[in-house]
Amino acid sequence: MGTWDSGPFDNDTAADWCGDLDDADVAKRPVLVREALNRAASEDGYLDADITCEAIAATAIMAAQQPGGQPITSPYAPDFLLNGGRLDLPDDLAALAVRALDRIMAADSEWRDLWQDADAGDVNPAFDTVRSLRRVLTA
């Protein structure tokens, strides 16, 4: 996984997923978001980092549309969102996104292990990003 920063779109896997979302038919986009979240939330074994990166990107897209959410400004996010577009997402996805984020922060998550190993003392911007997304979705 190529990662250049701690933001939700700052890795190859998330950027590729966002490209797929951008290229998808408008009606298929909510399905792709649900699939990304469900893969992370429902994993029983060791959670692969690639699954996690897609779920974090999907959650960031959802959170950006909520009150208090961070606007999407990353050049690696889907172009339609950068150009002012939105996704019409079902209300039940917020609960699924929270479950996915909780699963991502669990002990048996490759993404968590990788970022914990990269931790610089008391500061962990990747963990802070996930916690911030969760706060927006549970507000």
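Helices in these views are DSSP runs of H or I with at least four residues, numbered from the N terminus. With that naming, Val 136 sits in helix α7. One thing to keep in mind throughout: the model is predicted.

**View 1. Val 136 of helix α7 and its partner Ala 60.**
This close-up picks out Val 136, a residue of helix α7. Val 136 has a relative accessibility of 14%, so it counts as buried, the cut-off being under 20%. Look across to Ala 60: the two C-alpha atoms are separated by 9.7 Å. Along the chain, Val 136 and Ala 60 are 76 residues apart.

**View 2. The largest nonpolar core.**
Here we go inside, to a core of 44 residues, the largest nonpolar one in the model. If you want somewhere to start looking, try Trp 17, Val 33, Leu 37 and Trp 111, which have the most contacts inside this core. Which elements give two or more residues to it? That would be α1, α2 (29-42), α3 (49-64), α4, α5 (93-104), α6 (110-117) and α7 (125-138). Helix α3 supplies the largest share, with 11 residues.

**View 3. Ala 36 facing Ala 55.**
Now for a pair of alanines. Ala 36 belongs to helix α2. Is Ala 36 buried or exposed? Its relative accessibility is 0%, so Ala 36 counts as buried. The C-alpha atoms of Ala 36 and Ala 55 are separated by 5.0 Å, and the two residues are 19 apart along the chain.

**View 4. Ala 100 of helix α5, with Ser 42.**
Another alanine takes the middle of this panel: Ala 100, found in helix α5. Ala 100 is buried, and its relative accessible area is 0%. Its partner in the view is Ser 42, which lies 58 residues away along the chain. Between the C-alpha atoms of Ala 100 and Ser 42 there are 7.8 Å.

**View 5. Arg 34 and Asp 92, a salt bridge between helix and loop.**
How many salt bridges does the structure hold? There are 5, and this view shows the one between Arg 34 and Asp 92, with the closest N and O atoms 2.9 Å apart. Arg 34 lies in helix α2 and Asp 92 in the loop between α4 and α5, so the bridge ties together parts that are 58 residues apart in sequence. Both ends can be seen from outside to some degree: Arg 34 is partly exposed, with a relative accessible area of 31%, and Asp 92 is partly exposed as well, at 42%.

**View 6. Asp 108 and Arg 103, a salt bridge with one buried end.**
In this pair, the closest N and O atoms of Asp 108 and Arg 103 are 2.9 Å apart. Asp 108 counts as partly exposed, with 30% relative accessibility. Arg 103, on the other hand, counts as buried, because its relative accessibility is 11% and the limit for buried is under 20%.

**View 7. Asp 128 and Arg 131, a salt bridge within helix α7.**
Back to helix α7 for another salt bridge, this one joining Asp 128 to Arg 131. Their closest N and O atoms are 3.4 Å apart. The two residues are 3 apart in the helix, which means about one helical turn separates them. Asp 128 counts as partly exposed at 38% relative accessibility, and Arg 131 counts as partly exposed at 41%.

**View 8. A patch of negative charge on the surface.**
This view moves to the surface, where Asp 12, Asp 16, Asp 20, Asp 23 and Asp 79 gather in a negative patch. Which helix gives the largest share of the patch? Helix α1 (residues 12-23) does, with 4 residues. Asp 79 is found in helix α4 (residues 79-82). At 42% relative accessibility, Asp 79 counts as partly exposed.

**View 9. Leu 82 of helix α4, with Pro 71.**
We stay with helix α4, where Leu 82 has its place. The relative accessible area of Leu 82 is 32%, so it is partly exposed. Pro 71 completes the view: it is 11 residues away from Leu 82 along the chain, and the C-alpha atoms of the two are separated by 9.0 Å.

Definitions and conventions. Residues are numbered from 1 along each chain as its sequence is written. This is a predicted model: local features need pLDDT of at least 70, side-chain atom pairs count only at pLDDT 80 or more; totals for chains, interfaces and linings use all residues. Side-chain values use heavy atoms; hydrogens and water are left out. Patches are made of residues with over 30% relative accessible area and no salt bridge: like charges are joined within 9 Å, nonpolar side chains (Val, Leu, Ile, Met, Phe, Trp, Tyr) within 5 Å. Accessible areas come from the Shrake-Rupley method with a 1.4 Å probe; for residues, only the protein chains shown count as cover. A salt bridge is a side-chain nitrogen of Lys or Arg within 4 Å of a carboxyl oxygen of Asp or Glu. Lys and Arg count as positive and Asp and Glu as negative; His and the chain ends are not counted. The place of a charge is taken as NZ of Lys, CZ of Arg, CG of Asp or CD of Glu. Buried means under 20% relative accessible area, exposed over 50%, partly exposed in between (1.4 Å probe, protein chains only). A nonpolar core is a set of buried Ala, Val, Leu, Ile, Met, Phe, Trp, Tyr and Cys residues joined through side-chain atoms within 4.5 Å.
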